[in-house]
Amino acid sequence: MPNLAPDPVLTAADAAAYRDRVLDAVPADLRDGFVPLMTLYLKETTTAETITEAAKSGIVKACKLYPAGATTNSAHGVSNLSALHPALAAMEHHGLILCVHAEDPDPSVDFFDRERVFLRDKLPALLRPFPRL
């Protein structure tokens, strides 16, 4: 997961460094064939260029959307979903996977309804312009 503290995985270089930390933690006898699939943390400031660089790196396979305040280490997350459009278009173009922490952090939404409300009210509008994500 890219929601590391204090700094999330935002770039291909961050992903490479995190991958190396993961591999260093794997016992040597278990490393053969183990390939960590790296994911970037999407922010409103994530650019299409950042996504293109990540896709070309060959190690980043996905990007994850965390609504701001929805879960652990989501303070850097997204409040304005439409700000992601350039990054999402680049992800779709390069075939990267969109992972979503699908919770609506609005305090007026009952805690037990957060996923349902996000899936019903936010996800369709987010994905409509990007049907291949």
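A salt bridge is taken here as a side-chain nitrogen of Lys or Arg lying within 4 Å of a carboxyl oxygen of Asp or Glu. In this predicted model, Asp104 and Lys122 form such a pair, their closest N and O atoms being 3.3 Å apart. Asp104 belongs to the loop between strand 3 and helix 4, whereas Lys122 belongs to the loop between helix 4 and helix 5, so the salt bridge ties together parts of the chain that are 18 residues apart in sequence. The two partners differ in their surroundings: Asp104 is buried, with a relative accessible area of 5%, while Lys122 is partly exposed, with a relative accessible area of 31%.

By the same rule, the count of salt bridges comes to 6. Another of these joins Arg114 to Glu103, with 3.2 Å between the closest N and O atoms. Here distant parts of the chain are linked, since Arg114 lies in helix 4 (residues 114–121) and Glu103 in the loop between strand 3 and helix 4, 11 residues apart. Arg114 has a relative accessibility of 12% and therefore counts as buried, the cut-off being under 20%; Glu103, with a relative accessible area of 11%, is likewise buried. A further salt bridge is formed by Asp20 and Arg19, whose closest N and O atoms are 3.4 Å apart. In that pair Asp20 is partly exposed, at a relative accessible area of 35%, and Arg19 is partly exposed as well, at 23%. Over the protein chain as a whole there are 13 positive and 17 negative charges, and the mean positions of these two sets are 4 Å apart.

The protein chain contains 5 helices and 3 strands, which follow one another from the N terminus in the order α-β-α-β-α-β-α-α. A compact globule of 133 residues would have a radius of gyration near 14 Å, and the 16 Å found for the protein chain agrees with this expectation. Along the principal axes, the C-alpha atoms fill a box of roughly 50 × 30 × 25 Å. Of the 133 residues, 38% count as buried. Among contacts with a separation of 6 or more, 64% are accounted for by residues 24 or more positions apart. The area exposed by the protein chain is about 7,500 Å², of which carbon and sulfur atoms supply 56%.

Helix 3, comprising residues 85–94, has as its buried residues Ala87, Leu88, Ala90, Met91 and Glu92. These buried residues pack against two other helices and two strands, namely helix 2 (48–57), helix 5 (123–127), strand 2 (60–65) and strand 3 (97–100). Just after helix 3, Gly95 adopts a positive phi of about 75°.

The loop between strand 2 and helix 3 includes Thr71, which counts as partly exposed at 28% relative accessibility. When residues up to four places away in sequence are left out, Thr71 touches Tyr66 and His101. The C-alpha atom of Thr71 is separated by 25 Å from that of Glu92, which stands 21 residues away along the chain.

Conventions
Residues numbered from 1 in each chain as written. Predicted model: local features only at pLDDT ≥ 70, side-chain atom pairs only at ≥ 80, totals over all residues. Heavy atoms only, no water. Buried < 20%, exposed > 50% of the residue type's maximum accessible area, 1.4 Å probe, protein only. Helix = DSSP H or I, 4+ residues; strand = E, 2+ residues; numbered from the N terminus. Contact = heavy atoms within 4.5 Å. Rg over C-alpha atoms; globule rule 2.2 N^0.38 Å. Areas by Shrake-Rupley, 256 points an atom, 1.4 Å probe, with all protein chains shown as cover. Lys, Arg positive; Asp, Glu negative; His and termini not counted. Charge placed at Lys NZ, Arg CZ, Asp CG, Glu CD.
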